[in-house]
Amino acid sequence: MDRNLNPIPSDNGGGQAVLRTVLLVGNPNVGKSVLFSRITGKFVVISNYPGTTVDITKGTAVMAGENVTVLDTPGVNELTPRTEDARVTCDVMRDHPDATVVQVADARNLRRALLLTGQLASLRRPMILVLNMMDELDACGAAIDVAKLSELLGIPVITTVATEGRGIGD
């Protein structure tokens, strides 16, 4: 994971520490807020209806031994700011041009997720794809060749079951 995150400078020239920023982005109801809670220890409202996270939730986490700012963005289906959720997410992306994007996706709906992946990839930022809800994919008897997907996309692909904490350390 380290090789794809922006390096953390020791200071910004003024003696103040600079934190790397990670943006959690993804379609609605894919587990972004659950993942956020797991990695930051900060509770957020988690539900299964659109529009739940319209504001940005901010927390910190330790990744590879460094403190990182984590922003949980509203669920979006595309990066066109047509809805309030999409406007907020696009604003956060604009305001944090050096942030690493962690796209959280529902492993059962890979095709839907990959539409957003293409838009995010066009921004040419460090990026990781997290395939969440792998337990539900397994229960359907389906599988994803994660290594091949990672190779095709040119980014790390990590599998998780955020509700159980599986894969969170990756």
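## A close look at D106 and its sheet

Leaving aside its neighbours within four places in sequence, D106 touches three kinds of company worth finding on screen: V30, N132 and M133 are in contact with this residue. Keep in mind as you look around that this is a predicted model.

Where does D106 sit? This residue belongs to strand 4. Is D106 buried or exposed? Its relative accessible area is 5%, and because buried means under 20%, D106 counts as buried. The side chain of D106 also has a polar partner: a contact of 2.7 Å links it to the side chain of R108.

Now step back to the sheet. It is an open one, built from 6 strands in the order 2-3-1-4-5-6, with mixed pairing. At the edges you will find strand 2 (57–63) and strand 6 (157–159), each of which pairs on one side only. From one strand to the next, the twist averages 25 degrees.

One pairing is easy to trace by eye. Strand 1 (residues 20–25) and strand 3 (residues 66–72) run parallel and are joined by 5 bridges. Pick out L24, and you can look across to its bridge partner in strand 3, D72.

Two helices lie across strands of this sheet, as the table shows.

| Helix | Strands it lies across | Angle |
|---|---|---|
| Helix 1 (residues 32–40) | strand 1, strand 2, strand 3 and strand 4 (100–106) | about 50 degrees to strand 2 |
| Helix 3 (residues 110–121) | strand 1, strand 4 and strand 5 (127–132) | about 165 degrees to strand 4 |

Strand 4, the home of D106, appears in the row for helix 1 and in the row for helix 3.

Definitions and conventions
Residues are numbered from 1 along each chain as its sequence is written. This is a predicted model: local features need pLDDT of at least 70, side-chain atom pairs count only at pLDDT 80 or more; totals for chains, interfaces and linings use all residues. Side-chain values use heavy atoms; hydrogens and water are left out. Two strands pair if DSSP finds at least two bridges between them. Helices (H or I, at least four residues) and strands (E, at least two) are DSSP runs, numbered from the N terminus. Axes are lines fitted to C-alpha atoms, for helices over the stretch in contact, and angles run from 0 to 180 degrees between N-to-C directions. Contact means heavy atoms within 4.5 Å. Buried means under 20% relative accessible area, exposed over 50%, partly exposed in between (1.4 Å probe, protein chains only). A polar contact is a pair of N or O atoms within 3.5 Å; within protein, one must be able to donate a hydrogen and the other to accept it, and residues adjacent in sequence count only if both atoms are side-chain atoms.
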